[in-house]
Amino acid sequence: MAQTSNISPGDRPDRVWSLADLELLHEVEKPIIVVVTSTHDDPSSPGGVRATTDVPFQNATCVKQYGLKRPREEYERVLSGWTEEQSLRRRRFLAAVTEGKEAKEFWLDIRPLMHLFCQGYAKEGPMRITKFLSKPIQLETSPGCVETAAMHIIEPEQASIADSRVCAMHDRDPIHTMLYDSKGVLLSANKAAMTAFHIDTPGSHMPYAEALTIKRLFDAGAYPGGQEEADRAYHEAMHAVFTDQVDCHRHSQPFSRKKDGKVRWAMLEMWPMLDPVSQSAAVLVKTSNITQMKLLELELAGRQDSLQRHNEELEQDSVAMQAEARKLQREANSLARRLEAVMHDKLKDRTSFDAATPIDKTLEYLQNAIMGRAQDVQEAVDLYNMLSDSDTNLRQPIGMANQLFQEGMDSDVARSMLQLLQGNELRKSEPDAAETAAQEAAAPAAQLASWKTVAHMDWREQVEEQASAGDVATTSPPATAAAESLAVIPAPVTLAVERMLQDASTNWQFDIFALADATPGYTLSLLTFHVMKQSGLVQEFSLDEPKLQAYLQQIEQGYNPLIPYHNSVHVASVVQITHMLLTRGGVMKSNAMTRLQQLATYIAAFIHDFQHGGVNNDFLIKTFHPLAMTYNDISPLENHHLASALVLLHQPQHLFLSKERVSAEQVGTMRGVTISEVLGTDMKKHFDITSRFQMLLKCADIGHLAAAPALHQRWAYQLEEEFFRQGDQERGLGLPVSPLMDRNLRGGMTKSQVGFFSIVGIPQFKAMTDLFEDAKPMLEGVLENYHRWEAAAAAAGL
């Protein structure tokens with residue numbers, strides 16, 4: 001617009017404006033106000049001079065935004081309410097405007113100035129910093145009277161919206177914030193600071209700038225060193241800000257609270273900057289209460305001092321402590337040697353058996369050769385001959401039969417151990433084969449009769465047959481009651497059963513018989529479901545709980561309660577010990593097994609004796625049983641347990657594995673783990689165990705060796721009764737009775753237990769604890785029971 005050129009900073013400095021010329025400024029969109037300040041003699045005023053101010057013009061935009069100009073009387077009334085500091089700033093501003101002839105830019109809080117000039121503008125509200133373009137002009141106020149006036153062009157409100165918001169935030173900020181010039185004089189402060197230091201409030205007579213200089217801030221501190229320390233802190237701060245120009249200078253200042261005289265702490269943060277009005281050096285100061293933090297620092301410092309003193313005391317005693325430590329170490333070494341000697345004496349009867357296999361001997365020879373140790377040539381020749389012999393079992397102890405018979409072990413016990421660990425290989429290793437010949441002669445006659453005894457006949461039919469014959473001897477509940485109770489897992493269980501289940505999760509010597517008495521017919525399925533649920537596997541793999549329960553119940557029905565040892569209570573015990581080894585024995589803690597492998601291990605423990613007929617693999621093999629024929633004499637029982645149980649698993653009503661959470665590849669992995677673990681329970685494979693998985697289930701399978709003595713003895717005699725029943729069948733079929741299975745020859749249990757512990761039990765559990773130290777409670781239980789059998793054998797003169 002053409003009119004704007006008339007008021008541009010480049011306008012002629014000697015131009016004289018008339019009041020009519022000012023009327024053209026109504027077309028300008030920015031607020032414009034013209035102010036004339038005149039002076040005249042007034043003896044009643046300070047200095048004998050009085051200044052009067054008049055507003056001869058304001059354009060339409062100014063009237064619209066700020067209201068009409070105040071009459072002179074109102075102007076004087078408002079001005080009289082200003083503090084001396086506010087009046088001083090006003091006079092400085094007017095002097096700066098009229099100085100020279102050039103236009104100047106100012107950034108000011110518009111509230112007090114426009115409230116002074118205009119009727120419709122209130123000074124309350126947040127600070128609003130606005131840009132003023134001010135220039136002196138010559139104005140003909142009356143004919144022939146030309147006066148110097150100030151024309152103020154105010155930037156539109158839209159241009160300072162962001163600044164207004166910043167100012168509003170600044171006023172609401174509870175942290176005391178102040179702006180000082182390089183001399184430490186206060187230029188501006190937010191509302192919180194002005195309130196805190198009683199600036200511009202009724203009753204305050206101290207000038208604004210003098211009320212809160214930087215020097216006064218530091219003088220207000222309650223420094224231990226008094227004024228000298230306050231002065232030093234002040235000069236250090238001013239030098240850091242205005243000379244060194246640090247990014248931020250921070251000073252922790254103590255001050256005394258007036259109410260109670262307690263020392264508090266404030267943080268003074270000082271940032272160098274430029275005053276946006278004068279463009280001169282300034283500093284932004286913020287103060288905040290850090291009393292809590294400082295008290296914590298002081299407390300920490302006190303504790304550090306205390307610790308330092310304590311450390312010094314410990315250092316003074318270090319020589320004596322080191323001497324005591326060396327003494328204790330010597331005592332510990334001596335105790336370890338004594339303990340080793342005691343253990344050697346306790347186990348010397350079993351250590352004479354050399355369990356080293358051809359593979360072990362070969363690896364030891366190779367290791368010595370690699371280490372550069374001298375080797376016996378004859379030992380190499382013996383290894384060569386042994387490995388060249390086609391009949392050598394690489395994973396059986398060398399000369400196991402000769403070792404057993406030449407150790408002075410009872411012949412029946414030696415034959416029993418050989419049959420247990422070698423089975424149908426007994427004919428190759430035992431010197432006297434007369435009984436073997438008799439067995440082969442009687443086998444065809446016994447073959448058909450034996451087929452009905454195992455696996456192909458439902459055990460409930462056996463119950464009925466034996467009941468009719470009056471031959472039902474068992475510690476388990478009646479078969480009909482057991483079958484009925486298996487229809488469903490009771491829910492909820494009683495409080496007493498719940499306590500037993502919790503005990504089963506933490507007790508290495510849990511009383512499984514007590515749980516069986518409280519849960520007749522569903523002990524195995526209930527306990528297995530509990531441990532799988534408690535371990536989180538049901539939730540993690542989204543197992544179908546109804547199908548899982550149906551499968552558990554179906555499997556439990558496959559265990560014959562009339563069999564003294566290989567029944568569902570034995571399997572429940574194996575599940576419980578498996579759970580203990582996994583969760584308390586350090587297996588899962590050491591990451592030796594994945595969660596998927598843990599799930600497979602629970603399944604293996606649950607099915608590992610499924611449809612067991614109460615006779616061993618040797619009986620099936622020598623009677624040419626269909627299971628032995630099906631599996632070519634290779635672990636017929638274990639293969640049958642696996643095959644029949646896994647077939648049931650894949651029936652639709654039992655398939656509890658979620659396809660969404662368990663992939664086909666994972667199912668294959670689980671199957672492989674389960675098969676490996678169950679096949680490893682065949683005692684013929686005792687020396688073939690190569691994986692930790694097999695070792696875990698094998699330890700659980702013979703876990704009664706670690707049970708409380710009374711429980712272990714009960715299991716031992718139930719196993720003996722099962723052996724006797726097999727012996728009865730062998731005698732009835734015209735077969736030689738297997739060693740220690742003749743009920744007419746009592747006392748075999750005491751003799752056999754010492755040998756079984758020495759050759760199988762103790763080495764097995766020691767190998768487990770060597771891998772997983774947390775399983776040591778089991779080894780301790782095994783050793784306790786071993787010594788009891790050892791004492792019993794000595795007392796009986798065996």
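**Exercise 1. Is glutamate 269 buried or exposed, and what does its side chain reach?**

Solution. Start with accessibility: glutamate 269 has a relative accessible area of 18%. The cut-off for buried is under 20%, so glutamate 269 counts as buried. Keep in mind that you're looking at a predicted model.

Next, place the residue: glutamate 269 sits in strand E10. Now follow its side chain, which makes a polar contact with the side chain of arginine 250 at 3.0 Å. Finally, list the neighbours, skipping those within four places in sequence: glutamate 269 is in contact with Cys248, His249, Arg250, Leu284, Val285 and Lys286.

**Exercise 2. Work out the order of the strands in the sheet of 5 strands, and find which are the edge strands.**

Solution. Walk across the open sheet and you meet E8-E7-E11-E10-E9, with antiparallel pairing. The strands at the edges are E8 (186-189) and E9 (249-256), since each of these pairs on one side only. From one strand to the next, the twist averages 25°. One helix also joins the picture: H10 (residues 226-243) packs on the sheet and touches E7, E9, strand E10 (263-274) and E11. The direction of H10 makes about 155° with that of E9.

**Exercise 3. Zoom in on E11: how do its two pairings look, bridge by bridge?**

Solution. A quick reminder helps: strands of a sheet pair through backbone hydrogen bonds, either parallel or antiparallel.

Take E7 to begin with. Strand E7 (residues 176-181) pairs with strand E11 (residues 281-289) in the antiparallel sense, over 6 bridges. Along this pairing, leucine 179 stands opposite leucine 284 in E11, and tyrosine 180 has valine 283 as its bridge partner.

Then turn to E10. E10 and E11 run antiparallel too, joined by 9 bridges. Here leucine 268 has threonine 287 of E11 as its bridge partner. The hairpin of E10 and E11 has 6 residues between the strands, and glutamine 279 in this hairpin takes a positive phi near 60°.

**Exercise 4. Check whether the span of helix H4 agrees with its number of residues.**

Solution. H4 covers residues 84-98, which makes 15 residues. At 1.5 Å a residue the helix should span 21 Å, a figure that comes from multiplying by one less than the number of residues. The C-alpha atoms at its ends are 21 Å apart, so the two values agree.

Which residues of H4 are buried? They are Glu85, Ser87, Arg90, Phe93, Leu94 and Val97. It's handy to recall that an α-helix has 3.6 residues a turn, so residues three or four places apart point the same way. Just past H4, glycine 100 takes a positive phi of about 75°.

**Exercise 5. Describe how helices H3 and H5 pack.**

Solution. Two packed helices are described by the angle between their axes and the distance between the axes. For H3 (residues 72-80) and H5 (residues 110-117), the angle is about 145° and the axes are 8 Å apart. Tyr75, Val78 and Leu79 make the contact from H3, while His115, Leu116 and Phe117 make it from H5. Sort these residues and you get 5 nonpolar, 1 polar and no charged.

**Exercise 6. Compare the surroundings of glutamate 556 and threonine 674.**

Solution. Glutamate 556 belongs to helix H25 (residues 545-556), and its relative accessible area of 3% means that it is buried. Its side chain reaches the backbone nitrogen of leucine 524 at 3.0 Å. Measuring C-alpha to C-alpha in the model, glutamate 556 is 9.1 Å from asparagine 567, with their positions 11 residues apart in sequence.

Threonine 674 is found in helix H31 (residues 664-679). Its relative accessibility is 3%, so threonine 674 counts as buried. Leaving out residues up to four places away in sequence, threonine 674 touches Ala600, Ile603, Ala604, Ile607 and Leu642.

**Exercise 7. Where do serine 542 and leucine 740 lie, and what is phi for each?**

Solution. Serine 542 is in the loop between helix H24 (537-540) and H25. Its phi is near 50°, a positive value in a residue other than glycine. With 34% relative accessibility, serine 542 counts as partly exposed.

Leucine 740 is in the loop between helix H33 (709-732) and helix H34 (748-771). Its phi is positive as well, near 65°. Leucine 740 counts as buried because its relative accessibility is 17%.

Methods
Residues numbered from 1 in each chain as written. Predicted model: local features only at pLDDT ≥ 70, side-chain atom pairs only at ≥ 80, totals over all residues. Heavy atoms only, no water. Helix = DSSP H or I, 4+ residues; strand = E, 2+ residues; numbered from the N terminus. Buried < 20%, exposed > 50% of the residue type's maximum accessible area, 1.4 Å probe, protein only. Contact = heavy atoms within 4.5 Å. Polar contact = N/O pair within 3.5 Å; in protein donor to acceptor, adjacent residues only side chain to side chain. Pairing = 2+ DSSP bridges. Axes fitted to C-alpha atoms, helices over the stretch in contact; angles between N-to-C directions. Nonpolar A, V, L, I, M, F, W, Y, C, P; charged D, E, K, R; others polar.
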